[in-house]
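Okay, thanks everyone. Let me pull this one up and walk you through a few spots.

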Amino acid sequence: MPAVSKGDGMRGLAVFISDIRNCKSKEAEIKRINKELANIRSKFKGDKALDGYSKKKYVCKLLFIFLLGHDIDFGHMEAVNLLSSNKYTEKQIGYLFISVLVNSNSELIRLINNAIKNDLSSRNPTFMCLALHCIANVGSREMAEAFASEIPRILVAGDTMDSVKQSAALCLLRLYKTSPDLVLMGEWTSRVVHLLNDQHMGVVTAAISLITCLSQKNPDEFKTCVSLAVSRLSRIVSSASTDLQDYTYYFVPAPWLSCKLLRLLQCYPPPEDGAVKGRLVECLETILNKAQEPPKSKKVQHSNAKNAILFEAISLIIHYDSEPNLLVRACNQLGQFLQHRETNLRYLALESMCTLASSEFSHEAVKTHIETVINALKTERDVSVRQRAADLLYAMCDRSNAKQIVAEMLSYLETADYSIREEMVLKVAILAEKYAVDYSWYVDTILNLIRIAGDYVSEEVWYRVIQIVINRDDVQGYAAKTVFEALQAPACHENMVKVGGYILGEFGNLIAGDPRSSPLVQFNLLHSKFHLCSVPTRALLLSAYIKFINLFPETKATIQEVLRCDSQIRNSDVELQQRAVEYLKLSSIASTDVLATVLEEMPPFPERESSILAKLKKKKGPGAVSVTDLEDSKREGGELNGGSDRGPDSGAMAASNASTPSPSADLLGIRSAAPLGAAPTSAGSLLVDVFSEAGPAAPSAAVNDDGFLSSAPPSEDPATLLSEADELLNKFVCKNNGVLFENQLLQIGIKSEYRQNLGRMYLFYGNKTSVQFASFTTTVSCPGELQSHILSLNVQTKPVEPLVEGGAQIQQVLNIECLTDFSEAPLLNIKFRYGGALQNLSLKLPVTINKFFQPTEMTSHDFFQRWKQLSLPQQEAQKIFKANHSMDTEVLKAKLLGLGTALLDDVDPNPENYVCAGVIQTKGQQVGCLLRLEPNGQAQMYRLTLRCSKDSVSMRLCELLAQQF
């Protein structure tokens, strides 16, 4: 790089910066900046013969002002003019200004591209590097279109200097990450790969970053890099620190290049060539051997570089999983780090050993460190290290050590950090189920789990223990006795009451022979907890009571008295009131035989994958277990009989699915959908068979593993879309619940909720007639753009019951995932036979883009700053329209909040205006949106302005909202 002469010191810039730093207040700073901006503007306009030095100085000042947070709206042309200068310092400042301030959509982009092309073809290495840096810093699609074909030629040209090759490789990497479809290597592939043999280590280091990225996307095209990478790695590993003096870091030869080479090799399976594989194994053994050598320096930089290479080598060994000797050696090396004084090393060792534990070759070696890992779980100060220790215990668990590990994890749960308790609970539940050979131990473990961490025991856990108890005759009596004893504790967690109510309601007769657990004692024990429980648990207990009447007729009078009291039959909660009234009537008028039939014991659950494991798979955040561990657990799972994902329900067994689950519970847990035949009497009860098998699948769609139907293509004979379909859709833009459609035969209700890019919708189909609906089927299809090559919505539906009795209502659950922005709503097609005649109707489901809003709070300054940034014409949509409804302030606020955005107070200078902000969450991207609604009460008019980071969203939202006010 050329030296900067003394004349380039730019004294005026130094004085300006000094003045800014000496300002005593924000107002003084703004005043000084405005004065300088006025001076610069006058110089640019008035002095046409401004020399290069002055232009550079003033452009530098503008750049400094911009970096202070002030907007700059002039000076761009002067910066572009600097690009044509032959002086390095002037050209450098021009490129710096362009890189920071020029938008990729700027009108000057063509001039900039021409200047860059001139520098790339100049063969001046300094100018070429500046141009390449600018392309990489801007990194826009326009840049990729202009230079993606030119940069590979510069990269592989024989006369290109090494510094330029380095810049070209990193520039190409940047363009490939932003626009991979425009960077086509083609004929350059082999020549780029051979850069690994370049004599200059800097070129190799830059090139390998590019090759690694390309290999991840197109491994077959770049597979020839494996042998070259092994060869280069071998030369580095076998060299002494004095051989590569320019690239030796604290006695470690080329550590960054070594790590990158090892990472590149992880993109491919083990080499098929025996000689290459042997050479690679030799390299890995050498790295492991060097880790055992005494350090050549006490500096932390030396150990960091040395350990970085070691951990990458271990990652490669784990990736190959084919060299038992190396795997065991790696495990032993990591074991030494478990007691290292450096916290980061202990963390990394635990994390790597989690993966080693899943290998058949190293699993036993990992188990030898169990005491050290348990000690880390108990004594580590850092919560993240304790989390990794828990993960490792989970990964190394098998039949030989399951009881020890589960006991230690239970012991740790009592003092565990709140942030990791839920996942710890899931892991304990999975291990207890997976490796239980003694079912009484399993029951004890889960009940102990509820006692220790009841608040963190999800419904899947207590559902699962009940499923297993129901499926195992030999454990039912023990389970009843154990929960009876657990319920006698003065302070009993509500989940324990749920388990106790269910099991005693089913199997209380197995312990009724003992006077200490007679029927009345059992009932009084359960009822003593009744007033302390939530509504769903009370509903379950009422179902247990009616089961008691069937099991123990002598308790009938006592239980009827409880059901008859005003606190039950006049309860403010409709679910509890309905259960109490129905159960009281059932116990009064039904014969013993009828009661025995209606309230018979729950049948065994069909075997399926554990729902707890499914929940753990979806678990994200700190300490989430690896996919390989989970897949391994899945393969070895199902040790206990009865792996159904159904949730237990005393209400279901007592009164034919009398209630539905709360839609707010487990919003997007696909497995927790309500039973298809349930009558929706209350949204508060959780006492349903929430993991029941799906009903018959519609022939037009495929059923996935969760019993859901994927959205189907439009049927061959679709019904004509209702004329009022758009009107019905508009009713639900700002609300989620209500009656979607109603005629003389059918009523369709809807209840939905959304979180980020996911949503769940409950549809309620009510038969308003006294005649049965036969062959009742529903199909959800995505018309127009939703069925294009780029799918915008993923809609999965539970199939519905084919028969709907007169006066009955059935429910259907839809899971919705927004993949990208969309404008057309999905279509719901309903077919059924009424009195022999086929009824066929089609309407739009109220799924609009605003349903995926996440509200964003902003200050006035932030709002208008962002508003200015979204200044492109296509990013704004505006509509002036006459008010369709009353201009009541509270109604307007309610609608804007129902839209899903945050309603921002004290932001707009006009207090009568409304401003909102939000981010639309899709799987592929986030779209920021700002809204401004300006009402004119006198003219009964509105002006609605929307600015979004994506133009199609602005237009669609403007169309939707204009019809709401």
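**A patch and two odd phi angles**

So, α3 (52–67) and α5 (88–101) each supply at least two residues of a nonpolar patch. Helices here are DSSP runs of H or I with at least four residues, strands are E runs of at least two, and both are numbered from the N terminus. Quick housekeeping: this is a predicted model, where local features need pLDDT of at least 70 and side-chain atom pairs count only at pLDDT 80 or more, while totals for chains, interfaces and linings use all residues. Residues are numbered from 1 along each chain as its sequence is written, and side-chain values use heavy atoms, with hydrogens and water left out.

Who's in the patch? Phe66, Leu67, Leu96 and Val100, on the surface, with about 340 Å² of accessible area together (Shrake-Rupley, 1.4 Å probe, only the protein chains shown counting as cover for residues). To join a patch, a residue needs over 30% relative accessible area and no salt bridge; like charges are joined within 9 Å, nonpolar side chains (Val, Leu, Ile, Met, Phe, Trp, Tyr) within 5 Å. A salt bridge means a Lys or Arg side-chain nitrogen within 4 Å of an Asp or Glu carboxyl oxygen.

Leu67 lies in helix α3, and it's exposed at 59% relative accessible area. The cut-offs: buried is under 20%, exposed is over 50%, partly exposed is in between, with a 1.4 Å probe and protein chains only.

Now the backbone. Tyr250 isn't a glycine, yet has a positive phi of about 50°. You'll find Tyr250 in the loop between β1 (248–249) and β2 (252–253), partly exposed at 31%.

Asp321, also not a glycine, has a positive phi near 50°. Asp321 sits in the loop between α16 (300–320) and α17 (324–337), and counts as partly exposed at 33% relative accessibility.
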